[in-house]
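Welcome! Take a slow look at the model below before you read on. The notes after it go topic by topic.

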Amino acid sequence: MNKSIRMTKVPHLDRVIEDVNKYYYNRWKVKFGKYMKLYVFGSWKFLTLLAAIVLLLLTTLQAFCSVYNCRKFNLGSTSE
């Protein structure tokens, strides 16, 4: 059930349909799915570009530190 059901001209049936739609759209799975569709899947191009830029910056930093021996920034090693 992807879309809400259209209203009819029967008042009791309209009320039931409205209640079912309210129940469905208040479910956390539906809210999470809408959030994912809008903000995550809709922005995959931007996230891909951002990840590529971060990877290029980290690669550049690694190359720089391998040439100029950046001991000052080496947090994982205890030997000098």
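A nonpolar patch joins nonpolar side chains (Val, Leu, Ile, Met, Phe, Trp, Tyr) within 5 Å, using residues with over 30% relative accessible area and no salt bridge. In this structure, which is a predicted model, F46, L47, L50, V54, L55, L58 and L61 make up such a patch on the surface. Together these residues have about 670 Å² of accessible area. Keep that patch in mind as you go through the points below.

**The overall picture**

- The protein chain contains 3 helices and 0 strands.
- If you follow the sequence from start to end, the pattern reads α-α-α.
- The protein chain has 80 residues, and 6% of them count as buried.
- About 7,900 Å² of the protein chain is exposed, and carbon and sulfur atoms supply 65% of that area.

**Helix 3 and its patch residue F46**

- Where does F46 sit? You will find F46 in helix 3, which covers residues 44–68.
- Is F46 buried or exposed? With a relative accessibility of 52%, F46 counts as exposed, because the cut-off for that word is over 50%.
- Helix 3 also lets you try a little arithmetic: at 1.5 Å a residue, its 25 residues should span 36 Å. The expected span is 1.5 Å times one less than the number of residues, and the C-alpha atoms at the two ends of helix 3 are indeed 36 Å apart, so the two values agree.

**Just after helix 3: N69**

- N69 follows helix 3, in the segment after that helix.
- What is the phi of N69? The phi angle is near 55 degrees, a positive value in a residue other than glycine.
- N69 is partly exposed, as its relative accessibility is 49%.

**A salt bridge in helix 1**

- How many salt bridges are there? The count comes to 1.
- The partners are K22 and E18, whose closest N and O atoms are 3.7 Å apart. This distance qualifies because the cut-off is 4 Å.
- Why can these two residues meet? K22 and E18 are 4 residues apart in helix 1 (residues 11–25), which means about one helical turn separates them.
- K22 is partly exposed at 48% relative accessibility, and E18 is partly exposed too, with a relative accessible area of 37%.

**Aromatic pairs**

- The structure holds 3 aromatic pairs. One of them brings together Y24 and Y25: the ring centres are 5.1 Å apart and the planes lie at 75 degrees, so this pair is edge-to-face.
- Y24 counts as partly exposed at 25% relative accessibility, and Y25 is partly exposed with a relative accessible area of 25%.
- Another aromatic pair, formed by Y35 and Y39, is tilted, with 5.1 Å from centre to centre and 45 degrees between the planes.
- How far apart are Y35 and Y39 along helix 2? They are 4 residues apart in helix 2 (residues 28–40), so about one helical turn separates them.
- Y35 is partly exposed, with a relative accessible area of 45%.

**The cysteines**

- How many disulfides does the structure hold? The number is 0.
- A disulfide is a covalent bond between the sulfur atoms of two cysteines.
- C65 is partly exposed, with a relative accessible area of 22%.
- C70 is buried, at 16% relative accessible area, because buried means under 20%.

Notes. Residues are numbered from 1 along each chain as its sequence is written. This is a predicted model: local features need pLDDT of at least 70, side-chain atom pairs count only at pLDDT 80 or more; totals for chains, interfaces and linings use all residues. Side-chain values use heavy atoms; hydrogens and water are left out. A disulfide is a pair of cysteine sulfur atoms within 2.5 Å. Buried means under 20% relative accessible area, exposed over 50%, partly exposed in between (1.4 Å probe, protein chains only). A salt bridge is a side-chain nitrogen of Lys or Arg within 4 Å of a carboxyl oxygen of Asp or Glu. Patches are made of residues with over 30% relative accessible area and no salt bridge: like charges are joined within 9 Å, nonpolar side chains (Val, Leu, Ile, Met, Phe, Trp, Tyr) within 5 Å. Accessible areas come from the Shrake-Rupley method with a 1.4 Å probe; for residues, only the protein chains shown count as cover. Rings of Phe, Tyr and Trp (its six-membered ring) pair if their centres lie within 6.5 Å; planes under 30 degrees apart count as stacked, over 60 as edge-to-face and the rest as tilted.
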